Amino acid sequence: MPEYLPHGVAREDFQAALAEIRKIVGAAWVFSDPDTDLQPYLDHMSAVAPETRMPSAAISAASVAEVQAVLQIANQYKLPLWTYGNGKNFAYGGPAPKQAGYLVLDLKRMNRILEVNEESGYCLVEPGVSYFQLYQHLQEKGYQLWIDCAAPGWGGVIGNALEHGAGYTPYADHLLFSCGMEVLLADGQLLRTGMGAMPGSTSWQLFKYGFGPYVDGMFSQGNFGIITKMGFWLMPKPPAYKPFMVTYEKEEDIGPLMEILRPLKMNMVIQNGVVIEHISYSASVQRLRKQLWDKPGIIPDERWREIAKELKLGMWNIYGALYGLPENVEMTWQMVQHALTSIPGAKVYLHGDRPADDPGWNYREKLMRGEPNMTEFNLVNWAGGGHLNFTPMAAMTGKNAWEMFNTFKELLNRHGFDMICEEVAMFRTMITLVMIMFDPRDEDARQRADACARELVAIAKKHGYGELKANLTYMDIIADMYDGQDNARRKVNQVIKDALDPNGILSPGKSGIWPSNWTGPRT
Amino acid sequence: MTRHTATLRLVAAALLGFAGSVPLAHSATEAPAGDIATSPVADATTPVGERSGQDVFVLFCRACHAPGPQHPGTTKLGYTKGQDKSVILNRQDLPAEYITQVVRNGLLGMPPVRPTDVTDEELTRLVEYIRTTPADKVPAEHPGGAYTYPPTLEQIIVFGIMPRLYTVILPAVAVLVLLTVVLVRRRRKR
């Protein structure tokens with residue numbers, strides 16, 4: 001096994017730095033053997049070989065004070081720290097750092113739920129808290145509050161929000177429904193945002209802005225600081241909840257459906273994060289590919305239509321829910337049902353209409369009331385675990401939906417991949433989640449997946465479909481999508497990065513933001 | 001909305017607010033956030049390293065490996081190993097070393113579990129739990145949700161009775177009383 005060192009750091013200095021860090025966090029919480037204890041820090045699900053992102057070490061800090069002390073050492077030795085809480089962002093890099101030789105700062109042990117306030121409906125958590133943990137806590141204590149979780153429930157409450165992640169209740173936009181951060185800057189300075197900056201304030205988790213510039217967004221999806229606490233609003237359990245699914249027979253129904261959905265979302269008639277699954281997405285959650293297709297090549301359209309009939313689903317399947325007072329919900333449902341069934345062939349399914357063991361309905365119904373689960377991860381069984389996700393966005397129109405679907409379907413099929421996708425409707429935006437599924441043991445498949453991903457980004461840029469997240473490999477080309485006004489966004493990011501982190505120790509290359517003084521590789 | 005309905009809804013909202021405040025037997029705020037650099041004392045989360053095999057299984061394994069098609073690990077193993085080996089519980093045929101290796105290195109759709117997720121000591125307890133615990137002894141996933149709970153008395157009164165009190169219930173009672181009176185009088189006349 002080759003030796004992995006941070007770029008530009010001599011072996012002796014690296015060993016000296018690790019010795020000092022061991023004194024801070026304890027020897028048991030520094031992992032540095034590539035053959036053994038660093039293996040779980042690799043990402044086996046992306047298109048690059050896992051070892052190309054082998055960290056030089058992983059450090060587990062358990063408190064703000066420990067992180068501050070580690071930052072001091074990192075500044076002294078110029079160590080690049082790649083930080084996360086849960087490290088479960090698979091499809092985007094999982095627990096691996098952007099490049100080999102970085103030190104992973106693993107904050108999973110900072111997993112305390114510091115406060116749950118039922119009166120005002122919020123919580124304050126540390127970076128290691130997962131959706132499962134927070135949900136379990138609320139259930140055990142009997143709080144009448146819901147969480148909003150990502151589809152794989154092992155995700156981190158803070159990490160998902162910082163990556164601009166989404167859920168499925170009315171609180172689906174996780175960063176929007178966050179309130180107040182505690183941030184450590186690169187020099188160890190502690191900052192509390194919004195009302196948290198005011199000693200004695202009782203509204204850190206209640207009023208987002210405080211006074212002056214609103215800086216919370218600056219610490220999301222970037223590398224300007226390390227978030228050590230974050231507040232989230234929690235939805236009071238509503239008196240009534242009505243989940244529904246409507247299926248559509250034809251692929252081209254996505255166009256009129258999006259036109260129907262837009263005013264319903266814009267006017268908040270349907271409040272939650274609505275999902276419209278293509279049959280490929282619905283089927284792959286409950287069947288392995290081998291069970292549906294045993295011939296070479298991609299699954300043809302005709303077979304998808306048969307699969308839809310076999311599973312009693314449509315070519316598109318919309319999941320949504322209504323919340324509130326029982327009478328209001330029933331009144332609203334009459335209008336929603338009338339609108340969503342105006343497309344010929346639409347079929348409505350409510351609670352009890354699907355088979356009791358239908359995994360698709362069951363997990364969506366749970367997600368739309370904030371119960372975390374892992375059913376959707378069935379998707380990764382499609383082709384051996386490898387998957388790259390892309391989430392291009394566009395205005396919520398029928399024309400865009402149909403155009404995006406066909407554009408990306410042609411692309412994926414041409415590279416030899418099934419088009420597996422869903423549409424997510426958030427307030428006024430339509431997000432097309434496209435999944436490139438491949439077998440990571442197959443070198444040819446990995447290379448095709450990588451080529452497909454790069455072409456997808458280029459096509460999305462050409463059409464003006466902005467990408468909202470990035471796998472480690474594609475952070476730079478996705479950052480380049482946003483190159484308007486003579487690259488103003490990149491320039492502003494650069495000024496902020498260099499001002500707040502002059503030694504460039506915090507996650508170099510995250511979201512395409514590199515320190516000016518970075519002389520290492522940029523892969 | 002009529003004035004009458006509006007009044008009813010105000011009453012409903014007030015009653016609901018009252019109902020919502022009743023379960024606050026526990027403290028609404030468990031620990032003050034404090035204004036210090038070190039994290040304040042938190043709730044009763046068991047520290048990493050001290051959790052039982054069951055605690056760790058519930059937090060990290062159950063959602064993929066409990067019985068049923070909604071669990072991705074079970075689905076995949078059912079296809080590759082057969083239904084009788086689809087659930088990784090009570091499996092003394094699986095060597096402890098093998099389970100440990102899969103947990104730490106992952107296997108296809110299962111990513112590795114880091115030592116900060118589950119420590120080596122906890123992993124030893126987890127392996128023992130996996131090898132010796134029947135599936136029906138694993139704590140059930142909480143159903144959660146609103147509609148799975150029976151309605152409270154307040155909700156029955158507010159949403160079931162009050163909205164229909166003047167339009168359905170009282171007129172129906174009046175009609176019944178009237179019918180009863182008419183029938184009784186007729187009998188007396190006979």
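This text walks through the sheets and helix pairs of a predicted model, then turns to its confidence scores.

Start with the five-stranded sheet of chain A. This sheet is open, and its strand order is β5-β6-β10-β8-β9. The pairing is antiparallel. At the edges stand β5 (113–117) and β9 (190–192) of chain A, each of which pairs on one side only. From one strand to the next, the twist averages 10°.

Look next inside this sheet. Strand β8 of chain A covers residues 178–184, and strand β10 of chain A covers residues 226–233. The two run antiparallel and are joined by five bridges. To find the register, take Glu182(A): its bridge partner in β10(A) is Lys229(A). A helix also packs on the sheet: α2 of chain A, residues 64–77. Helix α2 touches β8, β9 and β10 of chain A. The direction of α2 makes about 45° with that of β8(A).

Chain A has another open sheet to trace, with four strands in the order β1-β2-β4-β3. Here the pairing is mixed. The edge positions belong to β1 (30–31) and β3 (81–84) of chain A. Each has a single partner strand, so one side of each is left without a neighbour in the sheet. The partner strand β4 of chain A spans residues 103–106, and β3(A) pairs with β4(A) in the parallel sense. Four bridges make up that pairing. One register point is Thr83(A), whose bridge partner in β4(A) is Leu105(A).

Now the helix pairs. Two packed helices are described by the angle between their axes and the distance between the axes. In chain A, take helix α5 (residues 254–266) and helix α11 (residues 398–414). Their axes come within 7 Å and cross at roughly 140°. An angle over 145 degrees would count as roughly antiparallel. α5(A) and α11(A) are therefore oblique to each other. Their crossing is right-handed. From α5(A), the contact uses Ile254(A), Gly255(A), Pro256(A), Met258(A) and Glu259(A). These meet Gly398(A), Lys399(A), Ala401(A), Trp402(A) and Phe405(A) of α11(A). By class, the residues of this contact are six nonpolar, two polar and two charged.

Chain B offers a pair of its own: helix α4 (residues 96–105) and helix α5 (residues 120–132). The axes of these chain B helices come within 10 Å and cross at roughly 120°. That angle makes α4(B) oblique to α5(B). The crossing of α4(B) and α5(B) is right-handed. On the α4(B) side, the contact is made by Ala96(B), Ile99(B), Thr100(B) and Val103(B). On the α5(B) side stand Leu123(B), Val127(B), Ile130(B) and Arg131(B). The contact of α4(B) with α5(B) divides into six nonpolar residues, one polar and one charged.

Last, the confidence. The model scores ipTM 0.93 and pTM 0.89. Chain B averages a pLDDT of 77, and 70% of its residues score at least 70. Over residues 1–42 of chain B, the pLDDT is below 50. Beyond near neighbours in sequence, this stretch has 56 contacts in the model. Where pLDDT is low, the predicted coordinates should not be read in detail.

Notes: Residues are numbered from 1 along each chain as its sequence is written. Chains are lettered from A and ligands numbered from 1 in the order in which they are written. This is a predicted model: local features need pLDDT of at least 70, side-chain atom pairs count only at pLDDT 80 or more; totals for chains, interfaces and linings use all residues. Two strands pair if DSSP finds at least two bridges between them. Axes are lines fitted to C-alpha atoms, for helices over the stretch in contact, and angles run from 0 to 180 degrees between N-to-C directions. Two residues are in contact if their C-beta atoms, placed from the backbone, lie within 7 Å. Angles under 35 degrees count as roughly parallel, over 145 as roughly antiparallel, 65 to 115 as roughly perpendicular and the rest as oblique. A crossing is left-handed if the near helix is turned anticlockwise from the far one by less than a right angle, and right-handed if clockwise. Ala, Val, Leu, Ile, Met, Phe, Trp, Tyr, Cys and Pro count as nonpolar, Asp, Glu, Lys and Arg as charged, and the others, Gly among them, as polar. pLDDT is the predictor's confidence in each residue, from 0 to 100.
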